[in-house]
Structure formats: structure tokens, C-alpha cells
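Good morning, and thank you for the time. I should like to speak briefly about the strands, the nonpolar cores and the pockets of the structure that I am about to show.

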Amino acid sequence: MISIILSDEQTLFRDGLRAIITAQPDLQVVADVRSAEAAPPAVAKRAPAVVLLSVRTLAHATTRIIQTLTRQHPSARVLVLAEWTEPVQAAEARRLGAAGYLSRAISGADLCAAIRSVANGQEWVAGPSGGREKRGAAASADPYSTLSPREREILQLLAEGYGNTAIAKSLLISPRTVETHRANVMRKLNLRTRSDLIRYAVRRGLLGEP
């Protein structure tokens with residue numbers, strides 16, 4: 001029996017997921033939670049085989065949750081169910097440790113197949129059609145993958161509206177170091193203005209739509 005914890009903020013959608021999954025004789029929902037933030041405590045308590053994490057986009061808070069789950073509970077395989085299914089986001093989810101990345105438009109049959117697949121140690125990436133997509137090309141083509149962890153931090157803070165001085169104070173580094181990282185981010189992502197940076201952050205799901 002494969003044990004599953006699922007999360008989604010919408011009760012109706014969450015109930016639908018539970019009904020689809022529990023109709024399978026080899027799948028069992030041991031808990032469901034109303035938000036991705038509530039998933040780590042539930043996982044610590046119930047130790048499921050799979051965590052079905054339903055999200056809108058890979059925003060900064062969501063990436064932290066995926067990292068928490070994969071680092072603190074490595075035996076629980078994270079399966080991201082997202083509204084956006086751009087290849088760069090699928091690649092980012094896998095980089096963070098997720099075992100799978102699915103469209104919320106996936107069929108019930110493909111959802112259950114994905115759960116079984118990741119529970120058995122495999123990866124699963126699928127778009128709206130439900131079919132598995134090729135992996136690897138998106139990550140190598142994505143300039144975001146060339147950013148260092150510090151550059152990603154600074155990109156996030158810049159997109160959220162913080163200036164060099166505030167970022168320097170927050171990260172305990174000098175404003176000159178922040179400016180160096182900022183220049184590297186702009187160069188690697190081929191961005192010219194702060195507006196370009198904000199639009200890029202929105203497309204990647206680092207920020208919500210304005």
C-alpha cells in the first residue's frame with residue numbers, strides 16, 4: 001500500500017484528489033492539508049511514501065517547502081501538481097529534489113500512475129496531455145540554472161523591490177558585493193532594466209502576477 005499526503009487550498013479540489021486516489025486498491029491518503037506550508041508537519045507525523053503538493057506556481061515560498069521536505073524527509077517522494085507546466089519550472093522542481101512535476105489538468109489515471117512511479121523511485125514529468133515529457137534539455141537551456149545560490153537570493157530580493165543597501169544589510173554583505181552579484185544576474189539572464197528583472201521573476205513564478 002502506497003501512503004500519500006496531499007495538499008491543496010481548495011476543499012473541493014482536495015476532496016476530488018482524495019476520491020480519485022482512494023478508489024485505487026494500492027493507494028491510501030493518510031492525511032490532507034489545506035496549504036503547502038502545512039505539508040512538512042504532516043509529513044513528520046505520518047511519514048508517507050509520497051507527498052502530492054498542489055501549487056499555483058513555483059514561488060519563493062513553495063521552493064522553500066520543497067527543499068524542506070526533500071532535505072528533512074528524504075524517504076517521502078515529492079510530486080508537484082502545478083497550474084503552470086513550463087519546462088523551466090519542471091526542471092527547477094527537479095533541481096530542488098521533487099521526484100515529479102504534473103499539470104493540474106492531468107487525468108486521474110495518469111495521476112495515479114505518476115504516484116506509483118515516484119513511489120517506486122522513478123521520476124515523472126508530464127504536461128496537460130498526461131504523457132511523460134523528455135527531461136534534461138530544459139535544465140541545460142535555462143540560464144537560471146547558471147546562477148549561484150547567492151545570486152538567486154539577490155534576484156528574489158531585487159524582484160521584491162529591495163535596494164542594494166537593504167539587501168546588503170539583510171544578507172550581511174557589502175553594498176558593493178550586492179552590486180557585483182546584481183550585475184552578474186543581469187548579465188547571465190540577459191536583462192537590462194529592473195522592469196525586465198521583475199517581468200522575468202513573474203514568468204518564473206518567483207512573484208505573483210501584478
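Allow me to begin with a term: a pocket is an open set of grid points with protein on both sides within 12 Å along at least five of seven lines, and its lining residues have an atom within 4 Å of a point. Please bear in mind throughout that this is a predicted model.

With that term in place, consider the second largest pocket. Both β3 (50-55) and α3 contribute at least two residues to its lining. The lining comprises 14 residues, and those nearest the centre of the pocket are E9, A36, S54, V55 and R56. By class, four of the lining residues are nonpolar, five are polar and five are charged. The space in this second largest pocket comes to about 230 Å³.

The largest pocket holds about 320 Å³ of space. Two or more lining residues come from each of α3 (60-72), α4 (87-95) and α7 (149-159). Its lining has 15 residues, with H60, Q67, R95, Y144 and R152 nearest the centre. Here the division by class is five nonpolar, five polar and five charged.

I turn now to the strands. Strand β3, which we met in the lining of the second largest pocket, pairs with β4 in the parallel sense, over six bridges. Within that pairing, V51 stands opposite V78 of β4. On to the next partner: β4 is also joined to strand β5 (residues 100-103), again running parallel, by four bridges. There, A82 has S103 of β5 as its bridge partner.

How enclosed is β4 by the rest of the structure? Largely so, because five of the six residues of this strand, which covers residues 77-82, are buried.

This brings me to the nonpolar cores. The largest has 25 residues, and the members that touch the most others are L53, I66, L69, V80 and Y101. At least two residues of this core come from each of β2 (27-33), α2 (39-46), β3, α3, β4 and α4. Which residues does I66 contact, if its neighbours within four places in sequence are left aside? They are L53, L58, V80, L96 and A98. Another core lies apart from the largest one; it has 21 residues, including I154, A159, L189 and Y200.

To close, let me return to α3, which supplies residues to the linings of the largest pocket and the second largest pocket, and also to the largest nonpolar core. Thank you; I welcome your questions.

Note on methods. Residues are numbered from 1 along each chain as its sequence is written. This is a predicted model: local features need pLDDT of at least 70, side-chain atom pairs count only at pLDDT 80 or more; totals for chains, interfaces and linings use all residues. Side-chain values use heavy atoms; hydrogens and water are left out. On a 1 Å grid over the protein atoms alone, a cavity is a set of points where a 1.4 Å probe fits but cannot get out, and a pocket is an open set with protein on both sides within 12 Å along at least five of seven lines; lining residues have an atom within 4 Å of a point. Grid points are joined across faces, edges and corners, and a volume is the space filled by probe spheres set on the points. Ala, Val, Leu, Ile, Met, Phe, Trp, Tyr, Cys and Pro count as nonpolar, Asp, Glu, Lys and Arg as charged, and the others, Gly among them, as polar. Buried means under 20% relative accessible area, exposed over 50%, partly exposed in between (1.4 Å probe, protein chains only). Two strands pair if DSSP finds at least two bridges between them. A nonpolar core is a set of buried Ala, Val, Leu, Ile, Met, Phe, Trp, Tyr and Cys residues joined through side-chain atoms within 4.5 Å. Contact means heavy atoms within 4.5 Å.
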